[in-house]
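Here's a quick briefing to read alongside the model. Have the viewer open and follow the strands as you go.

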Amino acid sequence: MMTEKFDVVIIGAGPGGMTAATYASRANLSVVMLDRGIYGGQMNNTAEVENYPGYNSIMGADLSEKMYASSTQFGAEYQFGTVKHIETNADNTWHVVTDMNDYQANSVIVATGSEYKKLGVPGELDYAGRGVSYCAVCDGAFFKGQEVVVVGGGDSAIEEATYLAGIVDHVTVVHRGDTLKAQPILQKRAFDADNIDFIWNTEVQSINGDGTKVTSVTLKNNVTDEVQDFATAATFIYIGLLPVSDSVDGLGITDDQGWILTNDQMETTQPGIFAIGDVRQKQLRQITTAVGDAAIAGQNAYAYNETLK
Ligand code: FAD
């Protein structure tokens with residue numbers, strides 16, 4: 001194991017982490033972004049982004065590439081590794097431990113994002129990657145010409161249902177409520193599509209298959225209690241988010257669900273540790289809000305480093 005020292009260690013290279021890297025490195029700090037996967041975060045699983053300023057429409061993966069180019073232009077590095085935990089040093093600096101390396105940091109910006117909730121029904125894990133998916137961009141093309149189910153009623157579910165409708169034969173959105181929570185413009189597109197239908201007030205009880213692939217879902221209407229077996233080649237699940245904050249366990253900076261608590265300067269209660277983006281306790285989890293948080297944290301990491309001189 002190698003130990004490297006940086007002014008700022010950023011955990012996560014999604015839009016939040018990459019923007020914080022741009023700000024902190026442009027202020028002449030030494031910066032590393034650590035990620036357990038490729039840079040880009042959830043943008044890599046997003047088809048089209050239509051609400052990021054400057055682009056009428058851009059594919060999520062293309063926006064990742066553009067942000068990565070910006071984030072490294074002033075010398076910030078990207079390194080691969082899963083952050084296991086963060087420890088405090090006697091001199092108020094931080095020790096960040098990954099499965100690959102050790103890092104010493106004056107300050108840490110946590111940008112570890114969120115991940116999709118699982119349904120927790122029989123068959124979901126058995127058929128993961130064989131018809132159960134949380135990523136339409138990654139897996140939609142496998143189901144060309146077929147019937148697929150999308151579970152959920154929020155922005156992601158409706159946006160991705162519309163994306164899938166352009167690839168597959170037919171999409172059925174299964175939603176446990178009787179109205180959608182998605183933004184009106186997303187709802188209108190889905191309602192206007194002639195190959196998207198909705199099943200309301202209904203929950204998935206199980207995902208069924210023939211041993212190698214998904215063949216149907218068992219649905220239960222939560223008003224009438226009627227149960228039906230609904231034939232489908234795939235189930236795309238978008239039912240809400242969970243924080244990805246295991247790397248800060250033990251620091252006492254999260255609420256009881258694991259979302260990280262900060263003030264409006266992105267400071268946590270631990271000196272020198274900032275949190276940004278989806279992993280924060282906040283109302284709106286979007287690319288724009290992640291990059292807004294990141295600008296504030298990048299600038300405050302600079303101010304914090306100045307106080308250590
Ligand atoms: P993330 O993008 O989640 O990035 C976090 C990064 O941290 C990941 O790369 C992860 O690998 C890494 N990480 C986590 N834990 C560790 C660890 N322990 N060690 C190392 N690395 C770690 N937003 C919009 O604005 N417009 C849209 O149209 C839009 N559509 C979406 C569609 C879908 C299907 C999805 C999934 C999301 C969509 N979003 C959209 C939401 C948007 O992608 C997120 O709000 C945004 O990506 C959050 O950025 P972030 O940097 O906080 O976290």
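Start with the open sheet of three strands, which runs in the order S14-S15-S16 with antiparallel pairing. Strand S14 (202-209) and strand S16 (227-231) sit at its edges with a single partner strand each, so one side of each has no neighbour in the sheet. From one strand to the next, the twist averages 25°. Keep in mind that this is a predicted model.

**The three-stranded sheet, up close**
- S14 pairs with strand S15 (residues 214-221) in the antiparallel sense, and seven bridges hold that pairing.
- If you want a spot to check the register, Ile207 has Val217 in S15 as its bridge partner.

**The five-stranded sheet**
- Another open sheet has five strands, ordered S10-S17-S11-S12-S13, and here the pairing is parallel.
- The edges are strand S10 (132-133) and strand S13 (196-199); each has a single partner strand, so one side of each is left without a neighbour in the sheet.
- Strand S11 (residues 147-151) and strand S17 (residues 234-237) run parallel and are joined by four bridges.
- Within that pair, look for Val149, whose bridge partner in S17 is Thr235.
- Strand S12 (residues 170-174) is joined to S13 by four bridges, and these two run parallel as well.
- Thr172 is matched there with Asp197, its bridge partner in S13.
- Helix H5 (residues 184-192) belongs with S12 and S13 in a β-α-β unit, and the unit is right-handed.

**Strands S1, S2 and S8**
- Strand S1 (residues 3-11) runs parallel to strand S8 (residues 102-110), with eight bridges joining them.
- Phe6 finds its bridge partner in S8 at Ala105.
- S1 also pairs with S2, in the parallel sense and over four bridges.
- In that pairing, Ile11 stands opposite Leu34 in S2.
- To get from S1 to S2 the chain passes through H1, making a right-handed β-α-β crossover.

**A hairpin**
- Strand S6 (residues 83-88) and strand S7 (residues 94-98) run antiparallel, joined by five bridges.
- Ile86 is the residue to find here, as it stands opposite Val96 in S7.
- S6 and S7 form a hairpin with five residues between them, and Asn92 in the turn has a positive phi of about 65°.

**Around the ligand**
- Which residues come nearest to the ligand? Of the 36 residues around it, they are Gly12, Gly14, Gly41, Gly113 and Gly277.
- The elements that give two or more residues to this shell are helix H1 (15-26), strand S2 (31-35), helix H4 (155-165) and helix H6 (287-307).
- H1 and S2 therefore turn up twice in this briefing, as part of the crossover from S1 and as contributors to the ligand shell.
- Sorted by class, the shell has 19 polar, 11 nonpolar and six charged residues.

**The whole chain**
- The chain has 19 strands and six helices.
- Its C-alpha atoms fill a box of roughly 65 × 40 × 35 Å along the principal axes.
- How does the radius of gyration fit with the chain length? For 309 residues, a compact globule would come out near 19 Å, and the chain has 21 Å, which agrees.

**How confident the predictor is**
- The average pLDDT over the chain is 96, and 100% of the residues score at least 70.
- For the complex, the predictor gives an ipTM of 0.99 and a pTM of 0.90.

Definitions and conventions: Residues are numbered from 1 along each chain as its sequence is written. This is a predicted model: local features need pLDDT of at least 70, side-chain atom pairs count only at pLDDT 80 or more; totals for chains, interfaces and linings use all residues. A residue is near a molecule or strand if its C-beta atom, placed from the backbone, lies within 6 Å of it. Ala, Val, Leu, Ile, Met, Phe, Trp, Tyr, Cys and Pro count as nonpolar, Asp, Glu, Lys and Arg as charged, and the others, Gly among them, as polar. Two strands pair if DSSP finds at least two bridges between them. A crossover is right-handed if, with the strands pointing away from the viewer, the path from the first strand over the helix to the second runs clockwise. Axes are lines fitted to C-alpha atoms, for helices over the stretch in contact, and angles run from 0 to 180 degrees between N-to-C directions. pLDDT is the predictor's confidence in each residue, from 0 to 100. The radius of gyration is taken over C-alpha atoms; the globule rule is 2.2 Å times the number of residues to the power 0.38.
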